[in-house]
Amino acid sequence: MIKLGKTQTLQVARHSDFGVYLFDPNASREDQILLPKGQVPKGLDIDDTISVFVYKDSEDRFVATTAAPALELGQVALLPVAQVTKIGAFLRWGLLKDLLLPFKEQTKELEQDEEVLVALYVDKSNRLCATMKIYDFLSTGSPYKKEDMVTGRVYETSDNFGVFVAVDNQYSALIPKQEVFKPLYPGMEIMARVSNVREDGKLTLSLREKSFIQMDEDAKIIYERLSASPKGMLPFHDKSNAEIIKREFHLSKNAFKRAIGRLMKEGKIRIEKDGIYLL
């Protein structure tokens, strides 16, 4: 059976003025598709085999190509936007016919020439389309372990769960909502630390270093801001509201408490009821 969206080895059934017709040698010889004349290698004869990718032409007919697309059915890849139209965006993927990314499969507004991470699927009309909703297409077999540093791309955000990331554009990962202290948007590239590898192989990420390392950086940020204050004082302390701390410093309440505790231990600040003061 000839498979849409896949590279496969097919056999030559016959020649025509338009090219050669191919069939699956393991299926019916009557089920044939065209390999256009311009792509037929010299010397290709009847019963010879050839590796081709199968997609649909502008008239919605199955057609073969010797060109290698940027992704195949079920795979994920970063593709540039060729144009944005009334029916969706069209992406360049290495074939003459651009790939449609329907509006309903977009997770943010797109612009021409930007790159977008998508998966390839077959829609209800049996056409190849792209989707930015790639959660189910990402792999859980990453080579990474706890404490490794990784790079990835944000592809979705959730108020309930956090920020979903495709590590190396292919592995499933999540930054839990309690670890998100600054705005992250689909399309952003990030560097993060693997804080856990789940039993199902999915990665849990943190944008922060290990606490004993990160504490030095957090303390430095707070001290520099305190030093820049005209009064040498900031109206925040270990009893301040967690959301206020997150908004002001992009830190969790615990990280903030660890950092000011470090500064106090080093004799750099004192903590009063109305805030923290330089010494």
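1. The structure holds one cavity of 30 Å³ or more, where a cavity is a set of points on a 1 Å grid over the protein atoms alone at which a 1.4 Å probe fits but cannot get out, while a pocket is an open set with protein on both sides within 12 Å along at least five of seven lines, and lining residues have an atom within 4 Å of a point. The volume of the largest cavity is about 80 Å³, a volume being the space filled by probe spheres set on the points, with grid points joined across faces, edges and corners.

2. This is a predicted model, in which local features need pLDDT of at least 70 and side-chain atom pairs count only at pLDDT 80 or more, whereas totals for chains, interfaces and linings use all residues. Residues are numbered from 1 along each chain as its sequence is written, and side-chain values use heavy atoms, with hydrogens and water left out.

3. The lining of the largest cavity includes Thr107, Lys108, Glu114 and Glu115, together with Arg153, Val154 and Tyr155. At least two of its residues come from β9 (115-122), and at least two from β11 (149-158); strands here are DSSP runs of E with at least two residues, helices are runs of H or I with at least four, and both are numbered from the N terminus. By class, this lining divides into six nonpolar, two polar and four charged residues, where Ala, Val, Leu, Ile, Met, Phe, Trp, Tyr, Cys and Pro count as nonpolar, Asp, Glu, Lys and Arg as charged, and the others, Gly among them, as polar.

4. Turning to the open sites, the largest pocket encloses about 250 Å³ of space. It is lined by 14 residues, and those nearest its centre are Phe181, Lys182, Leu207, Arg208 and His250. Two or more lining residues are given by each of β14 (189-197) and α1 (211-228), and α1 contributes the largest share, three residues. In composition the lining has eight nonpolar, two polar and four charged residues.

5. The second largest pocket has a volume of about 210 Å³, and among the residues that line it are Tyr55, Lys56, Asp60, Trp93, Arg127, Leu128 and Cys129. Each of β4 (49-56), β8 (99-102) and β10 (128-131) supplies at least two of the lining residues. This lining has seven nonpolar and five charged residues, and no polar ones.

6. Several of these lining residues also belong to a hairpin or a strand described by its pairing. β4 is joined to β5 (residues 62-65) by four antiparallel bridges, two strands being paired if DSSP finds at least two bridges between them. Lys56 has Phe62 of β5 as its bridge partner, and in this hairpin, with five residues between the strands, Asp60 takes a positive phi near 65°.

7. An open sheet of five strands runs in the order β8-β7-β6-β9-β10 with antiparallel pairing. Its edges are β8 and β10, each with a single partner strand, so one side of each has no neighbour in the sheet. Neighbouring strands are turned by 55° against each other on average, direction ignored, with axes taken as lines fitted to C-alpha atoms (for helices over the stretch in contact) and angles running from 0 to 180 degrees between N-to-C directions. Within this sheet, β6 (residues 76-84) and β7 (residues 88-91) pair over three bridges, and Val84 is matched with Ala89 in β7.

8. At the β10 edge, β9 and β10 pair antiparallel over four bridges, with Ala119 opposite Thr131. From β10, Leu128 and Ala130 point one way and Cys129 and Thr131 the other, and all are buried, meaning under 20% relative accessible area, as against over 50% for exposed and partly exposed in between (1.4 Å probe, protein chains only). Five residues lie between the strands of this hairpin, and there Asn126 has a positive phi near 65°.

9. Leu4 lies in the segment before β1 (7-16) and is buried, with a relative accessible area of 9%. Apart from neighbours within four places in sequence, its contacts (heavy atoms within 4.5 Å) include Val54, Tyr55, Phe62, Val122, Asn126 and Leu128. The C-alpha atoms of Leu4 and Val122 are 8.3 Å apart, although 118 residues separate them along the chain.

10. A further open sheet, of three strands, has the order β16-β18-β17 with antiparallel pairing. Two bridges join β16 to β18 (residues 275-278), and Leu234 stands opposite Ile276. Helix α3 (residues 253-265) lies across β17 and β18, at about 120° to β17.
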